[in-house]
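Visitor: Could you take me through the metal site in this one, up close? I'd also like to hear about any binding positions listed in its record.

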Amino acid sequence: MRRRRRSAQRDSLVAIMDRDRRLISAQELHTNLRAAGAEISLATVYRHLLSLSEKGEIHTVHGRDGEALYRRCGDRLHHHLRCHGCGRTEEITAQVEQDAMLSAAADAGYDDVQFTIELAGRCAVCRSCGDQGHRDA
Ligand SMILES: [Zn+2]
Ligand SMILES: [Zn+2]
C-alpha cells in the first residue's frame, strides 16, 4: 500500500527528529533514513518536511548560509536562538513582543496564529573557547 508506506516513512522521519532534538538538514535526515533501510528519495524527505512544518509539527530554522534546518520543538510558543558558532539552538520566549504580535494578528481577524522569530548569536561555550567561536561550523 503506497499510502501506508509513505506514512511509515514520515513516522520514522519524525522518530529520528524526536530522538535528537537538534537542528538537522534534509540531506542528513535522508542519509539517516537510508542507513536505517528506508527506500526514500531526498525529494520525498523534503515533501514530508514541508507538510510537517505546515502543520507546525516541526520548525524550520535557517543556517548561516541560508540552508534550511529542521527541528522538533516543544509545544509552547517560542522563538529560536541559534549559535552561529556551534549551531546549537535554544527555545526562548519573549512575552512582551509575543503578546503584541498575537494581538496584532487578532486585530487583523486571525486566530490560531503561530510564529517564530529567529535570533542568532554566540553561545557561552563558544564565547569562552575563543575570540570568534568556530567560524566554519
Ligand atoms: Zn521551534
Ligand atoms: Zn556555540
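Guide: Here is a walk around the metal site, followed by the recorded positions. Keep in mind that this is a predicted model.

Let's start with the zinc ion (ligand 1). Its protein donors are His59 through ND1, Cys73 through SG, and both His78 and His80 through NE2. These donors lie 1.9 to 2.2 Å from the zinc ion. What arrangement do the four donor atoms make around the zinc ion? It's tetrahedral, because the angles they subtend run from 101 to 116°, and four donors count as tetrahedral if all angles lie between 85 and 135 degrees. For reference, the ideal angle for four tetrahedral donors is 109.5 degrees. Read along the chain, the donors of the zinc ion follow the spacing H-x13-C-x4-H-x1-H. Two of these residues, Cys73 and His78, are buried.

Now for the record. An unreviewed UniProt entry lists Cys83, Cys86, Cys123 and Cys126 under "binding site". They span 44 residues in sequence, but no two of their C-alpha atoms are more than 8.3 Å apart, so these cysteines gather at one spot.

Zooming in on Cys83, you'll find it in strand S4, which covers residues 79–83. Cys83 counts as buried because its relative accessibility is 4%, and the cut-off for buried is under 20%. Leaving aside residues up to four places away in sequence, Cys83 touches Arg88, Gly121, Arg122, Cys123 and Cys126; Cys123 and Cys126 are also in the UniProt list. As for Cys86, look in the loop between S4 and strand S5 (89–92). Cys86 is partly exposed, with a relative accessible area of 40%.

Note on methods:
Residues are numbered from 1 along each chain as its sequence is written. Chains are lettered from A and ligands numbered from 1 in the order in which they are written. This is a predicted model: local features need pLDDT of at least 70, side-chain atom pairs count only at pLDDT 80 or more; totals for chains, interfaces and linings use all residues. Side-chain values use heavy atoms; hydrogens and water are left out. Donors are N, O and S atoms within 2.8 Å of the metal (3.2 Å for Na, K and Ca); water is not among the atoms, so sites may look incomplete. Four donors count as tetrahedral if all angles lie between 85 and 135 degrees; four count as square planar and six as octahedral if opposite donors are over 155 degrees apart and all others between 65 and 115; anything else is irregular. Buried means under 20% relative accessible area, exposed over 50%, partly exposed in between (1.4 Å probe, protein chains only). UniProt positions are given in the numbering used here, feature names are shortened, and annotations may be inferred rather than shown by experiment. Helices (H or I, at least four residues) and strands (E, at least two) are DSSP runs, numbered from the N terminus. Contact means heavy atoms within 4.5 Å.
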